Amino acid sequence: MSRILKTGLLAALVFGLVWLAVIIWWQESHTLPTGVDIGLYLFALPLALLAAGWAGARVVRARREARAAPAPAAAADETQAPPPPALVRLTALAGTARAAPGADPTAIHAALSRQQRPELDPALKNAKGFPVFSGRAAHLDIDALREAASAAAGPAGRPGDDCLRAAELLCEVVETLSQEARAQVLDNGTPQRDEDWPRLQLELLLPADWPQAARAHAADRARDAAVWPAGRLEARTHEAQDALAGDALLRRLAQESPEPARAALRLVAAADSYIDAAVVQAWDAAGRLVDTANPQGRVPGEAAAGLLLDLAPVAPDAAPPRELPADAFTLTLSPSARRATEADARGAAAEPALAELAARFLERQEQSADAIAALVSDADHRGSRPLETAGLAGALFPRLDPNQDCLSVGAACGHTGAAAHLLTLAVAGEACAQTDAPVLAVMTQDPALRTLALVSRPIRPLA
């Protein structure tokens with residue numbers, strides 16, 4: 001009843017207002033209305049206004065109901081966020097590295113803690129004849145390496161100095177890690193025949209821009225350097241197409257189906273070098289070499305690093321089936337995040353993407369940020385990279401000492417290309433062993449993508 005009364009009052013109000021306005025208009029204009037005028041202005045016009053108001057109210061009510069109504073089940077399923085990708089976990093029985101600051105991860109870690117930086121290299125000069133900064137591994141004898149390569153392939157087939165240096169560093173890493181693998185086997189008894197040894201597979205990551213002959217030379221030398229029965233040794237080479245090639249290789253190895261015919265022990269190693277006069281000249285000509293006029297240029301460096309992985313299938317929360325060495329560690333790889341602006345772009349600044357990725361990553365693992373003992377990044381001096389890691393430390397790990405606990409591998413070793421990823425993980429493994437606490441490795445060399453790796457102590461088998 002009240003609704004009918006309200007409707008009647010509204011209609012009377014509309015009619016009254018229209019009649020009042022029309023009559024005043026007729027009087028002011030001295031118009032003598034006809035019968036048609038009376039019907040049109042005093043009846044048809046107010047009825048049209050009422051109809052328009054009623055239609056508009058219906059439209060508004062329909063829109064409100066559509067916004068308030070729950071979405072259909074099918075539409076909800078389509079818009080539901082996809083589940084987060086599964087975390088990748090790997091067991092590293094050992095890790096090692098070679099770079100300018102030292103011949104093992106312990107020496108490199110100590111140099112990073114001292115804030116050591118690349119020095120001027122009198123053998124490498126820019127176009128103006130001035131020496132440039134470099135991360136040179138001083139123990140390498142390039143003359144001896146050239147002579148050995150020329151004897152094997154002839155002067156015409158000899159790889160460049162950068163390839164020779166990287167191959168030698170790779171051999172040192174492979175020799176060290178194969179000895180670690182050998183010790184693992186001998187701890188369980190000495191095999192009587194070569195056929196009784198487990199198979200060891202070399203996974204060698206080498207720069208994609210190397211000539212094929214240089215990659216073959218490095219792979220052959222790495223096989224010869226392995227302290228392992230030749231018949232039980234296999235090798236695969238992988239091309240490092242970008243800065244996250246090492247991360248992609250580790251993920252691929254973790255996802256390979258466990259097969260009896262496939263070796264559980266994997267020696268993953270990477271090497272790269274830019275200590276070569278031709279490389280320095282090319283960088284200088286392209287504006288990529290660091291100098292006073294180009295402080296954001298690269299510092300030539302070289303390194304090799306590797307991990308000895310045990311890929312035997314293990315339940316996520318179970319202890320490993322074999323006794324682990326004291327310096328073993330577990331790697332947990334995060335998903336990737338993308339910067340809005342590439343780090344190499346002019347004016348690039350720190351972005352929250354890295355801190356957000358780290359917060360979600362630690363939360364998924366139920367790992368407290370206060371438990372992280374150190375940050376080890378592959379960052380160098382270029383662009384926003386050092387600001388990114390500093391911002392991450394300030395946002396999530398304010399209790400860490402910026403000088404002692406936040407280490408930048410690239411700042412001390414220079415640009416190490418394909419080796420940078422594994423080099424960072426090896427140093428993070430050393431930091432984890434020294435602190436006996438989790439360490440977060442931060443990968444920033446890619447211009448846009450960011451990834452993390454949690455390096456932690458493995459679950460030990462019960463006595």
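Start by selecting D121: with a relative accessible area of 5%, D121 is buried. Keep in mind as you click around that this is a predicted model.

**Stop one: D121 and its partners**

D121 sits in strand β2, which covers residues 119–125. Show its side chain together with that of R136, and you'll find a polar contact of 2.7 Å joining the two. Now add the backbone of A123: its nitrogen lies 2.9 Å from a polar atom of the D121 side chain. To fill in the surroundings, select P131, V132, S134 and R136, which D121 contacts once you leave aside neighbours within four places in sequence.

**Stop two: helix α4**

Next, select residues 105–113, which make up helix α4. Which residues are buried here? They are P105, I108, H109, A111, L112 and S113. To see what covers them, bring up other elements, including β1 (88–99), β11 (406–408), α12 (409–413) and α13 (420–435).

Have a look at both ends of this helix too. At the start of α4, a side-chain oxygen of D104 reaches to within 3.1 Å of the backbone nitrogen of T106. Just after α4 comes Q115, which takes a positive phi of about 60°.

**Stop three: α6 against α7**

Colour helix α6 (residues 161–186) and helix α7 (residues 212–225). How do these two pack? Their axes are 8 Å apart, at an angle of about 25°. Angles under 35 degrees count as roughly parallel, and α6 and α7 are therefore roughly parallel to each other. Their crossing is right-handed.

To light up the contact, select C163, L164, A167, E168, L170, C171, V174, E175 and S178 on α6, then A214, H217, A218, R221, A222 and A225 on α7. By class, this contact of α6 with α7 has ten nonpolar, two polar and three charged residues. As you follow the helices round, remember that an α-helix has 3.6 residues a turn, so residues three or four places apart point the same way.

**Stop four: V185**

Stay on α6 and pick V185, which belongs to this helix. Is V185 buried or exposed? Its relative accessible area is 12%, so V185 is buried. Not counting residues up to four places away in sequence, V185 touches P191, W197, P198 and W228. Try a distance between the C-alpha atoms of V185 and P198: the two are 13 residues apart in sequence and 8.0 Å apart in space.

**Stop five: α10 against α11**

Now move to helix α10 (residues 353–364) and helix α11 (residues 385–396). Their axes come within 9 Å and cross at roughly 45°, so α10 and α11 are oblique to each other. α10 passes α11 in a right-handed crossing. Select L354, A355, A358 and A359 of α10 with E388, L392, A395 and L396 of α11 to see who makes the contact. Seven of these residues are nonpolar, none is polar and one is charged.

**Last stop: D380**

Finish in the loop between β10 (374–377) and α11, where you'll find D380. Its relative accessibility is 6%, which means D380 counts as buried. Show the side chains of D380 and R382: a polar contact of 2.8 Å joins them. Then add R385, P386, G410, A411 and Q445, which D380 contacts when neighbours within four places in sequence are left aside.

How values were computed. Residues are numbered from 1 along each chain as its sequence is written. This is a predicted model: local features need pLDDT of at least 70, side-chain atom pairs count only at pLDDT 80 or more; totals for chains, interfaces and linings use all residues. Side-chain values use heavy atoms; hydrogens and water are left out. Axes are lines fitted to C-alpha atoms, for helices over the stretch in contact, and angles run from 0 to 180 degrees between N-to-C directions. Helices (H or I, at least four residues) and strands (E, at least two) are DSSP runs, numbered from the N terminus. Angles under 35 degrees count as roughly parallel, over 145 as roughly antiparallel, 65 to 115 as roughly perpendicular and the rest as oblique. A crossing is left-handed if the near helix is turned anticlockwise from the far one by less than a right angle, and right-handed if clockwise. Contact means heavy atoms within 4.5 Å. Ala, Val, Leu, Ile, Met, Phe, Trp, Tyr, Cys and Pro count as nonpolar, Asp, Glu, Lys and Arg as charged, and the others, Gly among them, as polar. Buried means under 20% relative accessible area, exposed over 50%, partly exposed in between (1.4 Å probe, protein chains only). A polar contact is a pair of N or O atoms within 3.5 Å; within protein, one must be able to donate a hydrogen and the other to accept it, and residues adjacent in sequence count only if both atoms are side-chain atoms.
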